[in-house]
Structures are given as structure tokens and as C-alpha cells.
Amino acid sequence: MNDEIKADKIMDLKGLPCPMPIVKVSKGINDIEVGQILQAISTDPGSVSDFPAWARTSGNEIVKTEEGDAEFSFYIKRIV
Amino acid sequence: MELGNIEKQIEELKAQVSALDKKAPENKISMIVFSGDLDKALASFIIATGSVAMGMDAVMFFTFWGTPMMRDKTKHVGGKDLMGNMFGTMLPSGVDQTKLSKMNMGGMGTAMMKSLMKKKNIASLPEMISMAGELGVKIYVCEMSMDLMGFKRDEMIDYPGIEFCGVAKFLEEAVNSKVQLFM
């Protein structure tokens, strides 16, 4: 199993409410190359549905999601 | 069926497809901001900035009660008539002076909401506007509302690419947008 996904860039979005997580990630994804992974860490509960929606619309892929007690981590692969 | 006939039909279909392509709406949101309420303005800017994050273009039209929100309170212009001066004084100057549509309670509710927003790290309206500017959200201000309320272009905010227009400009954008909202 290829369980270990390495992030090429990590964005700390803790404490930021809507719409900041997706606004920041939509900018930050341009800092990595196509095929690389961006890890976004958020505390906004809305981001659980927002990040997948953003990925589907922007054409990128969430390859892994980790949900902690109050923290969410999304591994986003840049496709476009 | 003859081969030549099929070729002709394919050509016709190609022409139709390209005509449809031109008609298809762009990946864009057009918003009318009619309300001058703090809460509705905040929602408008969250949707606009979120749209850009989703890869869309976003266009906002400020009209009627939304118009005074695009004023810059530090700018003062002269040469207004009596009505213009009255409107100028009575209407809010910029987003800082907007109030909640509900639970304003003589300004107490609005002040409480603002301090709560700060506590919860929610961006204030001026912050949202400057972020919208950075993201390239297009802002149009209704010329007719400005004329009615006696506002001059010189007293509006310094927003990148701010333009003044009429209803036709909005409709042109709305027809070419996948999403249209009225706030």
C-alpha cells in the first residue's frame, strides 16, 4: 500500500474561517508543480465539504483526508 | 445517403456547435448588490471572493442602497446642491458605516457583531474589499443611483478597475454568466 503521501508544500490555515481556506489554497496551489501535493490544514468545519467542492470545480484531486478532533488535513494533488 | 450529403451535414453541425459555443455562458458570477446592509454586503463579498477561488470570474454591481458603500469617507467633494448634501450626510459613507439588517438595536447590535467577528477571526468588510481587489473581483457602480443621491466619482473608493455603468452593462455580464445573484 502506498499509504505515505508526502506533501511538497504545507499550508497552515488554522483559525481561518470561510472563505479564507479556499481563497488561500486556490492561490497556494500555484506554488507547486502539476503532480505535486499540497497539504492544507484547517480548523474550519465547513472546509470538510468546501475542499472537495473546490477540488471538483477547479479540477484538482484530494488524495487523502485526515480528520482530527478539531483539525482537518487535506492532501491535494495539483492536476491542472 | 450520398457521401457528399453527409459531409455537408457534418459541416452544418460544426457550424452549429461553434455558434452554440459562443452562446454558452462564461464561468462567471454576476451579482447585484442592492442592499446597503452590513450582513448582506459581507455575504456578497464572501461569495465573490469564494467564486474567484473556485476559478470563476466575479462581477459585482452596486446599485441603490449598495451605492453609498462604495464611497470613501476620507474624500470630500464640493459643488453639491442641497439635496445632494442632504443625501451625502444622511447616507453611510463607506462600508464602515453600514448597519445590520436585523438586531441593529441603535448600533449596539452592529458593534457587538463587529467585535464578535473580530474575535472569530472573520474578515471585516474593508478587509474583504481589499482582498476582492487583489483577487480581481470586478466592481461596477450604478451611475443612475450616484446621480440620484448626488455622489461624485471623485468620492468613491480607490478600487482597482472600478467602473461606473448602467443597466445594460450589468445585463451584458449577467447574460454571459452561469450564476446571477441579487443581494
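Biologist: How many residues does the contact take from chain B and from chain A?
Modeller: This is a predicted model, in which local features need pLDDT of at least 70 and side-chain atom pairs count only at pLDDT 80 or more, while totals for chains, interfaces and linings use all residues. Residues are numbered from 1 along each chain as its sequence is written, and chains are lettered from A and ligands numbered from 1 in the order in which they are written. With residues in contact if their C-beta atoms, placed from the backbone, lie within 7 Å, the contact takes ten residues from chain B and twelve residues from chain A.

Biologist: Which strands of chain A stand at the edges of the open sheet?
Modeller: Strands are DSSP runs of E with at least two residues, numbered from the N terminus, and two of them pair if DSSP finds at least two bridges between them. The sheet has four strands with mixed pairing, in the order β1-β2-β4-β3 (chain A). Each edge strand has a single partner, so one side of it is left without a neighbour in the sheet, and these strands are β1 (9-13) and β3 (61-67) of chain A.

Biologist: Which helix gives the most to the largest nonpolar core?
Modeller: Such a core is a set of buried Ala, Val, Leu, Ile, Met, Phe, Trp, Tyr and Cys residues joined through C-beta atoms within 7 Å, where buried means that 20 or more other C-beta atoms lie within 10 Å of a residue's own. The largest one has 50 residues, and those with the most contacts inside it include Ala40(A) and Phe61(B). Among helices, which are DSSP runs of H or I with at least four residues, the one that gives the most, with seven residues, is α2 (residues 38-53) of chain B.

How values were computed
Contact = placed C-beta atoms within 7 Å. Buried ≥ 20, exposed ≤ 12 C-beta atoms within 10 Å, placed from the backbone.
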